[in-house]
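Visitor: Please take one part of this model and look at it closely with me. I would like to hear how its neighbours pack against it, and then how a few single residues elsewhere are placed.

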Amino acid sequence: MNIMNSDQVGSRRKIVIHVVSAVAGIGILALIAAKTGFEQFVHNLHEIKPIVLVPLIVVYSISWLLRGIRFRKILALLNVELKLFRALGIELVADLANMVIPAKLGDSVKVLYMHKTGMLNYTSGTFAAFLVRVMDLAAVILLALFSVVFISGSVAANYLSYIVTMSALLLLLALAGWLFVFHPSTFQKMLVGPLKKLRDSVTELADQMRQHPGRLFAILLVSMLIWIFDILTLFIFLLVFGVKLSFAEASFVMLLSTVTKILPLTPNGLGVYEGMMVVILTGFGVAESTAFTIAVLDHGFMNLYSMLLSVIALYSLGLGFKGIKKLLKKTDRPATCNP
(Lines give C-alpha, C1' and ligand atoms only; values in the text may rest on other atoms or scores of the structure.)
Protein backbone atom coordinates (compact mmCIF):
# COMPACT_ATOMS: atom_id res chain seq x y z
CA MET A 1 0.00 0.00 0.00
CA ASN A 2 2.85 2.35 0.89
CA ILE A 3 4.54 1.55 -2.42
CA MET A 4 1.36 2.42 -4.33
CA ASN A 5 1.01 5.68 -2.42
CA SER A 6 4.66 6.48 -3.09
CA ASP A 7 4.20 5.81 -6.82
CA GLN A 8 1.09 8.00 -6.92
CA VAL A 9 2.88 10.85 -5.11
CA GLY A 10 5.87 10.52 -7.46
CA SER A 11 3.59 10.50 -10.51
CA ARG A 12 1.69 13.58 -9.32
CA ARG A 13 4.95 15.36 -8.59
CA LYS A 14 6.16 14.69 -12.14
CA ILE A 15 2.85 15.95 -13.56
CA VAL A 16 3.18 19.13 -11.52
CA ILE A 17 6.78 19.60 -12.76
CA HIS A 18 5.70 19.11 -16.38
CA VAL A 19 2.79 21.57 -16.00
CA VAL A 20 4.94 24.18 -14.24
CA SER A 21 7.62 23.78 -16.92
CA ALA A 22 5.08 24.29 -19.74
CA VAL A 23 3.49 27.27 -17.98
CA ALA A 24 6.95 28.80 -17.51
CA GLY A 25 7.62 28.50 -21.25
CA ILE A 26 4.28 30.09 -22.13
CA GLY A 27 4.94 32.80 -19.54
CA ILE A 28 8.29 33.65 -21.14
CA LEU A 29 6.58 33.93 -24.54
CA ALA A 30 3.90 36.20 -23.07
CA LEU A 31 6.53 38.47 -21.52
CA ILE A 32 8.42 38.75 -24.83
CA ALA A 33 5.15 39.45 -26.68
CA ALA A 34 4.29 42.19 -24.19
CA LYS A 35 7.71 43.78 -24.68
CA THR A 36 7.84 43.55 -28.48
CA GLY A 37 4.19 44.39 -29.10
CA PHE A 38 1.46 41.78 -29.45
CA GLU A 39 -0.59 43.86 -31.89
CA GLN A 40 2.37 44.15 -34.25
CA PHE A 41 2.89 40.38 -33.95
CA VAL A 42 -0.70 39.77 -35.07
CA HIS A 43 -0.25 42.27 -37.92
CA ASN A 44 2.90 40.44 -39.05
CA LEU A 45 1.02 37.13 -39.09
CA HIS A 46 -1.55 38.56 -41.50
CA GLU A 47 1.23 39.32 -43.99
CA ILE A 48 2.16 35.64 -44.36
CA LYS A 49 0.87 33.89 -47.47
CA PRO A 50 -0.11 30.20 -47.15
CA ILE A 51 2.06 29.32 -50.18
CA VAL A 52 5.13 29.60 -47.94
CA LEU A 53 4.09 26.28 -46.37
CA VAL A 54 5.16 24.46 -49.55
CA PRO A 55 8.94 25.10 -49.28
CA LEU A 56 8.76 24.80 -45.47
CA ILE A 57 7.15 21.36 -45.62
CA VAL A 58 9.59 20.17 -48.28
CA VAL A 59 12.65 21.39 -46.36
CA TYR A 60 11.58 20.15 -42.94
CA SER A 61 10.41 16.80 -44.35
CA ILE A 62 13.93 16.26 -45.69
CA SER A 63 15.30 17.15 -42.25
CA TRP A 64 13.17 14.45 -40.63
CA LEU A 65 14.01 11.92 -43.33
CA LEU A 66 17.69 12.52 -42.54
CA ARG A 67 16.95 11.92 -38.85
CA GLY A 68 15.55 8.53 -39.78
CA ILE A 69 18.65 7.76 -41.88
CA ARG A 70 20.91 8.74 -38.98
CA PHE A 71 19.07 6.58 -36.45
CA ARG A 72 19.17 3.66 -38.88
CA LYS A 73 22.96 4.09 -39.15
CA ILE A 74 23.31 4.21 -35.36
CA LEU A 75 21.31 1.00 -35.02
CA ALA A 76 23.53 -0.60 -37.67
CA LEU A 77 26.49 0.10 -35.36
CA LEU A 78 24.67 -2.03 -32.80
CA ASN A 79 24.07 -4.80 -35.37
CA VAL A 80 20.37 -3.98 -35.76
CA GLU A 81 19.01 -3.72 -39.29
CA LEU A 82 15.86 -1.63 -39.54
CA LYS A 83 13.80 -0.20 -42.39
CA LEU A 84 14.13 3.53 -42.84
CA PHE A 85 10.53 4.50 -42.06
CA ARG A 86 10.44 2.42 -38.90
CA ALA A 87 13.64 4.10 -37.70
CA LEU A 88 12.07 7.46 -38.55
CA GLY A 89 8.89 6.48 -36.70
CA ILE A 90 10.83 5.71 -33.51
CA GLU A 91 12.55 9.10 -33.69
CA LEU A 92 9.22 10.87 -34.21
CA VAL A 93 7.54 9.12 -31.27
CA ALA A 94 10.43 10.12 -28.99
CA ASP A 95 10.17 13.70 -30.27
CA LEU A 96 6.45 13.76 -29.44
CA ALA A 97 7.27 12.75 -25.87
CA ASN A 98 9.99 15.42 -25.69
CA MET A 99 7.40 18.07 -26.50
CA VAL A 100 5.71 17.21 -23.21
CA ILE A 101 8.65 16.17 -21.02
CA PRO A 102 11.49 18.67 -20.44
CA ALA A 103 15.23 17.86 -20.50
CA LYS A 104 14.84 15.40 -23.43
CA LEU A 105 13.63 12.73 -20.98
CA GLY A 106 11.12 11.73 -23.64
CA ASP A 107 13.99 9.78 -25.21
CA SER A 108 13.27 7.10 -22.61
CA VAL A 109 10.16 6.29 -24.67
CA LYS A 110 12.51 5.39 -27.53
CA VAL A 111 14.52 3.09 -25.24
CA LEU A 112 11.42 1.42 -23.81
CA TYR A 113 9.91 0.85 -27.27
CA MET A 114 13.11 -0.81 -28.54
CA HIS A 115 13.25 -3.01 -25.44
CA LYS A 116 9.56 -3.91 -25.70
CA THR A 117 9.91 -4.98 -29.34
CA GLY A 118 13.08 -6.99 -28.64
CA MET A 119 15.16 -4.70 -30.82
CA LEU A 120 17.71 -3.71 -28.17
CA ASN A 121 18.12 -4.18 -24.44
CA TYR A 122 17.95 -1.17 -22.12
CA THR A 123 21.70 -0.64 -22.13
CA SER A 124 22.18 -0.65 -25.90
CA GLY A 125 18.96 1.30 -26.42
CA THR A 126 20.13 3.97 -24.00
CA PHE A 127 23.44 4.19 -25.85
CA ALA A 128 21.62 4.61 -29.19
CA ALA A 129 19.46 7.43 -27.79
CA PHE A 130 22.50 9.02 -26.13
CA LEU A 131 24.52 8.92 -29.36
CA VAL A 132 21.75 10.78 -31.20
CA ARG A 133 22.02 13.62 -28.66
CA VAL A 134 25.83 13.64 -28.75
CA MET A 135 25.83 13.84 -32.54
CA ASP A 136 23.26 16.63 -32.49
CA LEU A 137 25.35 18.61 -30.00
CA ALA A 138 28.56 18.05 -31.98
CA ALA A 139 26.89 19.06 -35.26
CA VAL A 140 25.32 22.20 -33.77
CA ILE A 141 28.61 23.34 -32.21
CA LEU A 142 30.68 22.62 -35.33
CA LEU A 143 28.28 24.49 -37.60
CA ALA A 144 27.90 27.37 -35.13
CA LEU A 145 31.67 27.83 -34.82
CA PHE A 146 32.03 27.62 -38.61
CA SER A 147 29.33 30.28 -39.09
CA VAL A 148 31.22 32.66 -36.75
CA VAL A 149 33.91 33.02 -39.43
CA PHE A 150 31.37 34.64 -41.78
CA ILE A 151 29.66 37.11 -39.44
CA SER A 152 30.83 40.57 -38.43
CA GLY A 153 33.33 40.81 -35.60
CA SER A 154 31.15 43.29 -33.69
CA VAL A 155 28.24 40.84 -33.56
CA ALA A 156 30.49 37.89 -32.68
CA ALA A 157 32.10 39.92 -29.87
CA ASN A 158 28.70 40.21 -28.16
CA TYR A 159 28.54 36.43 -27.87
CA LEU A 160 32.18 35.71 -27.10
CA SER A 161 31.33 33.84 -23.90
CA TYR A 162 28.97 31.54 -25.84
CA ILE A 163 31.59 30.95 -28.53
CA VAL A 164 34.25 30.09 -25.93
CA THR A 165 31.81 27.78 -24.11
CA MET A 166 30.91 26.00 -27.35
CA SER A 167 34.60 25.58 -28.20
CA ALA A 168 35.24 24.07 -24.78
CA LEU A 169 32.25 21.73 -25.18
CA LEU A 170 33.54 20.60 -28.57
CA LEU A 171 36.94 19.81 -27.08
CA LEU A 172 35.28 17.86 -24.25
CA LEU A 173 33.19 15.88 -26.74
CA ALA A 174 36.29 15.10 -28.83
CA LEU A 175 38.20 14.00 -25.72
CA ALA A 176 35.30 11.85 -24.51
CA GLY A 177 35.01 10.26 -27.96
CA TRP A 178 38.74 9.52 -28.11
CA LEU A 179 38.67 7.93 -24.64
CA PHE A 180 35.59 5.91 -25.55
CA VAL A 181 37.13 4.43 -28.69
CA PHE A 182 40.79 4.01 -27.71
CA HIS A 183 40.67 3.81 -23.90
CA PRO A 184 37.29 2.26 -23.06
CA SER A 185 38.32 1.26 -19.53
CA THR A 186 39.10 4.90 -18.69
CA PHE A 187 35.83 6.02 -20.25
CA GLN A 188 33.91 3.46 -18.18
CA LYS A 189 35.07 5.19 -15.00
CA MET A 190 33.63 8.47 -16.29
CA LEU A 191 30.14 6.99 -16.50
CA VAL A 192 28.61 7.70 -13.12
CA GLY A 193 25.10 7.93 -11.74
CA PRO A 194 22.38 6.81 -14.19
CA LEU A 195 25.05 6.29 -16.90
CA LYS A 196 26.67 3.44 -14.93
CA LYS A 197 24.42 0.96 -16.70
CA LEU A 198 26.26 1.72 -19.96
CA ARG A 199 29.61 0.48 -18.66
CA ASP A 200 29.14 -3.17 -19.64
CA SER A 201 28.56 -2.31 -23.29
CA VAL A 202 31.39 0.21 -23.68
CA THR A 203 34.12 -2.29 -24.64
CA GLU A 204 31.97 -4.03 -27.25
CA LEU A 205 30.81 -0.75 -28.78
CA ALA A 206 34.32 0.71 -28.77
CA ASP A 207 35.53 -2.33 -30.72
CA GLN A 208 32.76 -1.78 -33.27
CA MET A 209 33.79 1.83 -33.77
CA ARG A 210 37.49 1.01 -34.15
CA GLN A 211 36.61 -1.55 -36.81
CA HIS A 212 34.24 0.83 -38.65
CA PRO A 213 35.45 4.42 -38.05
CA GLY A 214 33.84 5.61 -41.28
CA ARG A 215 30.37 4.83 -39.92
CA LEU A 216 30.78 7.27 -37.05
CA PHE A 217 31.93 10.07 -39.37
CA ALA A 218 29.00 9.29 -41.69
CA ILE A 219 26.59 9.69 -38.74
CA LEU A 220 28.18 13.05 -37.87
CA LEU A 221 27.91 14.18 -41.50
CA VAL A 222 24.21 13.26 -41.62
CA SER A 223 23.71 15.13 -38.32
CA MET A 224 25.23 18.26 -39.86
CA LEU A 225 22.96 17.93 -42.90
CA ILE A 226 19.95 17.68 -40.57
CA TRP A 227 20.81 21.00 -38.97
CA ILE A 228 21.51 22.65 -42.33
CA PHE A 229 17.94 21.83 -43.38
CA ASP A 230 16.65 23.08 -40.01
CA ILE A 231 18.49 26.35 -40.67
CA LEU A 232 16.79 26.54 -44.06
CA THR A 233 13.38 26.69 -42.34
CA LEU A 234 14.51 29.82 -40.49
CA PHE A 235 16.07 31.20 -43.67
CA ILE A 236 12.70 30.89 -45.46
CA PHE A 237 10.97 32.90 -42.73
CA LEU A 238 13.71 35.54 -42.91
CA LEU A 239 13.11 35.87 -46.66
CA VAL A 240 9.35 36.13 -46.13
CA PHE A 241 9.81 39.14 -43.84
CA GLY A 242 12.50 40.72 -46.02
CA VAL A 243 15.29 40.24 -43.46
CA LYS A 244 18.55 40.35 -45.39
CA LEU A 245 20.82 37.96 -43.53
CA SER A 246 23.27 35.63 -45.24
CA PHE A 247 22.89 31.86 -44.76
CA ALA A 248 25.91 31.92 -42.43
CA GLU A 249 24.28 34.66 -40.31
CA ALA A 250 20.98 32.73 -40.25
CA SER A 251 22.97 29.67 -39.15
CA PHE A 252 24.56 31.63 -36.31
CA VAL A 253 21.13 32.87 -35.15
CA MET A 254 19.44 29.47 -35.27
CA LEU A 255 22.29 27.40 -33.85
CA LEU A 256 23.07 29.74 -30.97
CA SER A 257 19.37 29.80 -30.09
CA THR A 258 19.36 26.00 -30.19
CA VAL A 259 22.33 25.78 -27.79
CA THR A 260 20.23 27.55 -25.14
CA LYS A 261 17.76 24.64 -25.29
CA ILE A 262 20.40 22.49 -23.58
CA LEU A 263 19.17 24.04 -20.33
CA PRO A 264 16.23 21.80 -19.27
CA LEU A 265 13.92 24.64 -18.25
CA THR A 266 10.88 24.12 -20.49
CA PRO A 267 9.58 21.39 -22.85
CA ASN A 268 11.56 21.57 -26.10
CA GLY A 269 13.00 24.94 -25.07
CA LEU A 270 9.62 26.72 -25.32
CA GLY A 271 10.13 30.43 -24.68
CA VAL A 272 13.87 30.07 -24.12
CA TYR A 273 14.55 29.42 -27.82
CA GLU A 274 12.34 32.32 -28.96
CA GLY A 275 13.84 34.69 -26.38
CA MET A 276 17.40 33.98 -27.46
CA MET A 277 16.50 34.29 -31.14
CA VAL A 278 14.90 37.70 -30.56
CA VAL A 279 18.04 38.91 -28.78
CA ILE A 280 20.36 37.72 -31.57
CA LEU A 281 18.18 38.94 -34.45
CA THR A 282 17.87 42.41 -32.91
CA GLY A 283 21.68 42.38 -32.66
CA PHE A 284 21.67 42.08 -36.46
CA GLY A 285 19.40 45.12 -36.69
CA VAL A 286 16.05 43.33 -37.04
CA ALA A 287 13.06 45.07 -35.42
CA GLU A 288 11.98 43.42 -32.14
CA SER A 289 8.41 42.70 -33.31
CA THR A 290 9.67 41.14 -36.55
CA ALA A 291 12.29 39.11 -34.67
CA PHE A 292 9.66 37.78 -32.26
CA THR A 293 7.29 36.87 -35.11
CA ILE A 294 10.05 34.99 -36.94
CA ALA A 295 11.15 33.17 -33.77
CA VAL A 296 7.60 32.06 -32.92
CA LEU A 297 6.81 30.99 -36.49
CA ASP A 298 10.09 29.10 -36.89
CA HIS A 299 9.78 27.19 -33.62
CA GLY A 300 6.00 26.84 -33.93
CA PHE A 301 6.11 25.43 -37.45
CA MET A 302 8.81 22.89 -36.57
CA ASN A 303 6.92 21.74 -33.48
CA LEU A 304 3.48 21.55 -35.12
CA TYR A 305 4.72 19.78 -38.23
CA SER A 306 6.78 17.36 -36.13
CA MET A 307 3.70 16.70 -33.99
CA LEU A 308 1.64 15.87 -37.08
CA LEU A 309 4.29 13.46 -38.34
CA SER A 310 4.60 11.96 -34.84
CA VAL A 311 0.88 11.16 -34.68
CA ILE A 312 1.17 9.36 -38.04
CA ALA A 313 4.24 7.50 -36.70
CA LEU A 314 2.35 6.46 -33.54
CA TYR A 315 -0.17 4.51 -35.57
CA SER A 316 2.31 3.23 -38.15
CA LEU A 317 4.26 1.64 -35.28
CA GLY A 318 1.07 0.13 -33.88
CA LEU A 319 1.22 2.17 -30.67
CA GLY A 320 -1.50 4.80 -30.86
CA PHE A 321 -2.05 7.25 -28.02
CA LYS A 322 -2.79 4.44 -25.54
CA GLY A 323 0.52 2.81 -26.38
CA ILE A 324 2.63 5.92 -25.88
CA LYS A 325 0.71 6.67 -22.67
CA LYS A 326 1.79 3.29 -21.30
CA LEU A 327 5.40 3.96 -22.31
CA LEU A 328 5.30 7.40 -20.69
CA LYS A 329 4.03 5.84 -17.46
CA LYS A 330 6.95 3.42 -17.52
CA THR A 331 9.38 6.33 -17.74
CA ASP A 332 8.25 7.28 -14.22
CA ARG A 333 9.65 3.98 -12.93
CA PRO A 334 13.32 3.06 -12.71
CA ALA A 335 14.26 0.75 -15.58
CA THR A 336 16.42 -2.31 -15.08
CA CYS A 337 19.23 -3.28 -17.40
CA ASN A 338 18.14 -6.81 -18.11
CA PRO A 339 18.72 -7.99 -21.68
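Guide: Gladly, and one term comes first: a residue is buried when its relative accessible area is under 20%, exposed when it is over 50%, and partly exposed in between, using a 1.4 Å probe and protein chains only. On that scale D200 is exposed, because its relative accessible area is 72%. D200 belongs to helix α10, residues 199-211, where helices are DSSP runs of H or I with at least four residues, strands are E runs of at least two, and both are numbered from the N terminus. T123 is 77 residues away from D200 in sequence, yet their C-alpha atoms are 8.2 Å apart in space.

A word on where this comes from: the model is predicted, so local features need pLDDT of at least 70 and side-chain atom pairs count only at pLDDT 80 or more, while totals for chains, interfaces and linings use all residues. Residues are numbered from 1 along each chain as its sequence is written, and side-chain values use heavy atoms, with hydrogens and water left out.

For the setting, the protein has 15 helices and zero strands. It has 339 residues, of which 47% count as buried. About 17,000 Å² is exposed, with carbon and sulfur atoms supplying 69% of it; such areas come from the Shrake-Rupley method with a 1.4 Å probe, and for residues only the protein chains shown count as cover. Taking contacts between residues at least 6 apart in sequence, 71% join residues at least 24 apart, a contact being heavy atoms within 4.5 Å.

Now to our chosen part, helix α14, which spans residues 288-316. Two packed helices are described by the angle between their axes and the distance between the axes.

Let's start with α13, residues 272-283: its axis comes within 8 Å of that of α14, and the two cross at roughly 140°. (Axes are lines fitted to C-alpha atoms, for helices over the stretch in contact, and angles run from 0 to 180 degrees between N-to-C directions.) The pair α13 and α14 is therefore oblique, the name for whatever is left once under 35 degrees is called roughly parallel, over 145 roughly antiparallel and 65 to 115 roughly perpendicular. Their crossing is right-handed, so the near helix is turned clockwise from the far one by less than a right angle; anticlockwise would be left-handed. From α13, Y273, E274, M277, V278, L281 and T282 take part, and they meet E288, A291, F292, I294, A295, V296, D298, H299 and M302 of α14. Sorted by class, this contact of α13 with α14 holds 10 nonpolar, two polar and three charged residues (nonpolar: Ala, Val, Leu, Ile, Met, Phe, Trp, Tyr, Cys and Pro; charged: Asp, Glu, Lys and Arg; polar: the others, Gly among them).

H299 of α14 deserves a pause. This histidine counts as buried because its relative accessibility is 2%. Leaving aside residues up to four places away in sequence, H299 touches K261, N268, G269, L270, Y273 and E274.

Next comes α2, residues 38-46, whose axis is 9 Å from that of α14 at an angle of about 60°. The helices α2 and α14 are therefore oblique too, and α2 passes α14 in a right-handed crossing. Here Q40, F41, N44 and L45 of α2 meet S289, T290, F292, T293, V296 and L297 of α14. The contact of α2 with α14 has five nonpolar, five polar and no charged residues.

The other partner to visit is α11, residues 213-240, which packs on α14 at about 140° with the axes 10 Å apart. That angle makes α11 oblique to α14. On the α11 side the contact uses T233, L234, F237 and L238, and on the α14 side I294, L297, D298, F301 and M302. Of these residues in the contact of α11 with α14, seven are nonpolar, one is polar and one is charged. The crossing of α11 over α14 is right-handed.

Away from α14, have a look at L66, in helix α3. L66 counts as buried because its relative accessibility is 11%. Its touching partners, not counting residues up to four places away in sequence, are V222, L225, I226 and F229. One of them, I226, is 160 residues from L66 in sequence but 6.0 Å away in space, C-alpha to C-alpha.

Finally, find N79 in the loop between α3 (53-77) and α4 (84-98). Most residues other than glycine have a negative phi. N79 has a positive phi, near 65°, and it counts as exposed because its relative accessibility is 55%.
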